[in-house]
Amino acid sequence: MLRLSSNLTLFLKLFIPVFWTTILVGLTVVVWFGAENNFGSVPIQSLRYAMLFILATGLAAMYLVLWPLKRVETDGEFMYISNYFRTARYHLVEEVVAIRESRWIFLKVCTLELRGKGAFGRRIRFVASRTQFRMFREQFGALVKKN
C-alpha cells in the first residue's frame, strides 16, 4: 500500500482545529464574561468583538482550508480515500480522471478528480508526501498534472 498523503494531514485536519478552537473559545469566554478591570485600559467592548471576530474568522478558515483534506492511499489498482472516520475506495483507472499538483506555501497540495460524485465529493484535496507521491508519479505519470 502506497500512502500518497503526508503524515502532516492528521495534524492539519484534526489537531490544529481542535486545539486552536479550544484555546480561542476559552479566551473569548474569558473576555466576554470577565470583569472589565482585568483588561487594563483596553476598551472592553472592542476587545470582545475583536475576539469574536478572530474566533469566527479562524473557524471559517479552518472549515474551508483544513477540513476538506483527506488521507489518500493506493495499492496500484484502487485509491483509498479516508477522512479518518470512514474510507471510500475508487478504481484508479476507471474512476480517477486526474490528480493536479499545486504549491501552497511550503506544502504540495493535490486535488484528485473523480469521474462522478464520490463519498467525499468529486474533487478531493490532500497534502502529498514528497517521496511517496514521487514514486506514484513514476508509475502513473499520465494521471498527474501540474498547475
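In the predicted model, Glu101 has a relative accessibility of 5% and therefore counts as buried. The residue lies in strand S5, whereas Arg137 belongs to helix H4 (residues 130-139), so their pairing ties together parts of the chain that are 36 residues apart in sequence. Salt bridges with shared partners join Glu101, Lys108 and Arg137 into one network. Within this network, the side chains of Glu101 and Arg137 meet at 3.1 Å, N to O, and the closest N and O atoms of Lys108 and Glu101 are 3.2 Å apart. Lys108 is buried, as is Glu101, while Arg137 is partly exposed at 27% relative accessibility.

The search of the whole structure yields four salt bridges. Another of them is formed by the side chains of Glu113 and Arg100, with an N to O distance of 2.7 Å. This pair links distant parts of the chain, since Glu113 lies in strand S6 (residues 107-118) and Arg100 in strand S5 (residues 96-104), 13 residues apart. Glu113 is buried, with a relative accessibility of 15%, whereas Arg100 is partly exposed, with a relative accessible area of 27%.

Four strands form an open sheet in the order S1-S2-S3-S4, with antiparallel pairing. The edges of this sheet are S1 and strand S4 (87-91), each of which pairs on one side only. Strand S1 (residues 2-3) is joined to S2 over two bridges in the antiparallel sense, and Leu2 has Thr74 of S2 as its bridge partner. Between S2 and strand S3 (residues 78-82) there are four bridges, again antiparallel. Here, Thr74 is the bridge partner of Met79, and Arg71 stands opposite Ser82. The hairpin of S2 and S3 has three residues between the strands, and Gly76 takes a positive phi near 100 degrees in this hairpin.

In a regular strand, side chains alternate between the two faces of the sheet. Strand S2 (residues 71-74) shows such an alternation: Val72 and Thr74 point to one face and are buried, while Arg71 and Glu73 point to the other and are not buried. In strand S3, Met79 is buried, with a relative accessible area of 0%. The C-alpha atoms of Met79 and Glu95 are 9.2 Å apart in space, although the two residues are 16 positions apart in sequence.

Aromatic contacts form a further group of features. A pair of aromatic rings is described by the distance of the centres and the angle of the planes. The count comes to five aromatic pairs. For Trp32 and Tyr49, the ring centres are 5.4 Å apart and the planes stand at 90 degrees, so this pair is edge-to-face. Trp32 lies in helix H1 (residues 8-33) and Tyr49 in helix H2 (residues 44-65), so the contact ties together parts that are 17 residues apart in sequence. Both residues are partly exposed: Trp32 has a relative accessible area of 26%, and Tyr49 has a relative accessibility of 48%. A tilted pair is formed by Phe78 and Tyr80, with 6.5 Å between the centres and 55 degrees between the planes. Phe78 is buried at 16% relative accessibility, and Tyr80 is buried with a relative accessible area of 18%. Elsewhere, ring pairs link Phe126, Phe133 and Phe136 into a cluster.

Aromatic rings also take part in contacts with charged side chains. The charged end of Arg89 sits over the ring of Phe78, at 4.0 Å from the ring centre. In a similar arrangement, the charged end of Lys13 sits over the ring of Trp67, at 4.1 Å from its centre. Trp67 lies in the loop between H2 and S2 and is partly exposed, with a relative accessibility of 41%.

Trp67 is also part of a nonpolar surface patch of about 980 Å², which is made by Tyr63, Leu64, Val65, Trp67, Phe85, Trp104, Ile105 and Phe106. Helix H2 gives the most to this patch, with three residues.

Definitions and conventions
Residues numbered from 1 in each chain as written. Predicted model: local features only at pLDDT ≥ 70, side-chain atom pairs only at ≥ 80, totals over all residues. Heavy atoms only, no water. Phe/Tyr/Trp six-rings, centres within 6.5 Å; stacked < 30°, edge-to-face > 60°. Buried < 20%, exposed > 50% of the residue type's maximum accessible area, 1.4 Å probe, protein only. Lys NZ or Arg CZ within 6 Å of the ring centre and 35° of its normal. Pairing = 2+ DSSP bridges. Patch = residues over 30% accessible without salt bridge, like charges linked within 9 Å, V, L, I, M, F, W, Y side chains within 5 Å. Areas by Shrake-Rupley, 256 points an atom, 1.4 Å probe, with all protein chains shown as cover.
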